[in-house]
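Colleague: I should like to work through this protein chain with you, one question at a time. Could you explain each step as you would to a first-year student?

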Amino acid sequence: MAVVFSRPHALTDAAFHYCPGCTHGIVHRLVAEAIDELGIEDRAVGVASVGCSVMSYDYFACDMVQAPHGRAPAVATGIKRARPDDIVFTYQGDGDLAAIGTAETVHAATRGENITVIFINNAIYGMTGGQMAPTSLPGQVTQTTPYGRDVKIAGHPIRICEMLSTLDGVALAQRVTVDCVKNVLTAKKAIKKAFENQIEGRGYSIVEVVSTCPTNWGLSPIQALDWLRDNMLPYYPLGVYKDITKEAAEK
């Protein structure tokens, strides 16, 4: 019998701990598939952040390092500079990357550190109970904004891809989502390209995945996907915000 679907070799057989409807598991699989297809598992090093994905070291079969909260880009920089032949990636949520880790993110990007960043944006702090995140939408109800995010008090959400695309050291800044088959395939190509950029030494690549958090949004998995499409995607439009390979081809 032909095998048409199986677990990627770069994923362990550990059961995910994520809530039903959480899209972390889909993104984990896409990262692992890219690692398999590029044949880099033996030299891949993942850097786990603090957040719901803190246990990703249990799921990826490559070497993994646990970074302090927000410091994944700094840890990845150290690994890549010490072992330049390794393929180093970070896996970070919005609270980690866009709040406590903003400085590390911006400076790693502007230095053009040759690393790959997988950024999960679900507009809320997931692991710690649903507080407002830097990416929470205007008017969004969270544990710390029970009447909705007031931009006059809390400021506006941060659009990471748009911001980083202005920096010279960035090779790829692309925003994707995994709400349907078509978008999953697009996300897979983006993640694979981000790894390919690193292999070719092109610099810093980030793939932002607009994701769901049904538990802290107080919605069912299906409702959460609808909420993502109706609310998050208008504010965080999908697309390529910077791609130096495309820019070079057009010159």
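Colleague: Is Pro-73 buried or exposed?

Modeller: The model is a predicted one, and Pro-73 is found in its helix H2, residues 72-82. A residue counts as buried under 20% relative accessible area. Pro-73 has a relative accessible area of 2%, so Pro-73 is buried.

Colleague: Which residues is Pro-73 in contact with, leaving aside its neighbours within four places in sequence?

Modeller: One residue far along the chain gives a sense of the surroundings: His-107 is 34 residues apart from Pro-73 along the chain, and their C-alpha atoms are separated by 8.9 Å. Contact means heavy atoms within 4.5 Å. With the neighbours within four places left aside, the contacts of Pro-73 are Thr-90, Gln-92, Glu-104, Thr-105, Ala-108 and Ile-115.

Colleague: Why does the span of helix H1 agree with what is expected?

Modeller: Helix H1 covers residues 24-38, which is 15 residues. At 1.5 Å a residue, H1 should span 21 Å. The end C-alpha atoms of H1 are 21 Å apart, and therefore the span agrees with the expected 21 Å.

Colleague: How many of the residues of H1 are buried, and what covers them?

Modeller: The cover of the buried residues includes strand E3 (87-93), strand E4 (116-121), helix H7 (181-199) and strand E6 (204-210). Among the buried residues of H1 are His-24, Gly-25, Val-27 and Ile-35. H1 is mostly covered, and of its 15 residues the number buried is eleven.

Colleague: What is the reach of H7 from its first C-alpha to its last?

Modeller: H7 also has many buried positions to consider, including Asn-183, Val-184, Ala-187 and Phe-195. H7 has 19 residues, and 27 Å is expected at 1.5 Å a residue. The reach of H7 from its first C-alpha to its last is close to this, at 27 Å.

Colleague: Which residue takes a positive phi just after H7?

Modeller: A similar question can be put to H1, which is followed by Gly-39, with a positive phi near 65°. Just after H7, a positive phi of about 75° is taken by Gly-201.

Colleague: Which residue other than glycine has a positive phi, near 65°?

Modeller: Most residues other than glycine have a negative phi. The residue in question is placed in the loop between E4 and H5. At 0% relative accessibility, this residue counts as buried. Its phi is positive, near 65°, and its name is Ala-123.

Colleague: Is Gly-130 buried or exposed?

Modeller: Gly-130 is found in the loop between E4 and helix H5 (151-154). Leaving aside its neighbours within four places in sequence, Gly-130 is in contact with Ile-124, Tyr-125, Thr-142, Gln-143 and Asn-216. The relative accessibility of Gly-130 is 1%, so Gly-130 counts as buried.

Colleague: How does Met-132 count at 22% relative accessibility?

Modeller: Met-132 lies in the loop between E4 and H5. Not counting residues up to four places away in sequence, Met-132 touches Tyr-125, Thr-142, Thr-144, Thr-145, Arg-149 and Ala-154. Buried means under 20% and exposed means over 50%. Because its relative accessibility is 22%, Met-132 counts as partly exposed.

Colleague: Why does the radius of gyration of the protein chain agree with that of a compact globule?

Modeller: The C-alpha atoms fill a box of roughly 50 × 50 × 35 Å along the principal axes. With 251 residues, a compact globule would have a radius of gyration near 18 Å. The protein chain agrees with this because its radius of gyration is 17 Å.

Colleague: What share of the contacts between residues at least 6 apart in sequence joins residues at least 24 apart?

Modeller: The secondary structure of the protein chain comes to ten helices and seven strands, and buried residues make up 51% of its 251 residues. Among contacts between residues at least 6 apart in sequence, the share joining residues at least 24 apart is 68%.

Colleague: How far apart do the centres of the positive and negative side chains lie?

Modeller: The protein chain exposes about 11,200 Å², of which carbon and sulfur atoms supply 56%. Its charged side chains comprise 22 positive and 26 negative ones. The centres of the two sets lie apart by 4 Å.

Key:
Residues are numbered from 1 along each chain as its sequence is written. This is a predicted model: local features need pLDDT of at least 70, side-chain atom pairs count only at pLDDT 80 or more; totals for chains, interfaces and linings use all residues. Side-chain values use heavy atoms; hydrogens and water are left out. Helices (H or I, at least four residues) and strands (E, at least two) are DSSP runs, numbered from the N terminus. The radius of gyration is taken over C-alpha atoms; the globule rule is 2.2 Å times the number of residues to the power 0.38. Buried means under 20% relative accessible area, exposed over 50%, partly exposed in between (1.4 Å probe, protein chains only). Accessible areas come from the Shrake-Rupley method with a 1.4 Å probe; for residues, only the protein chains shown count as cover. Lys and Arg count as positive and Asp and Glu as negative; His and the chain ends are not counted. The place of a charge is taken as NZ of Lys, CZ of Arg, CG of Asp or CD of Glu. The expected span of a helix is 1.5 Å times one less than its number of residues.
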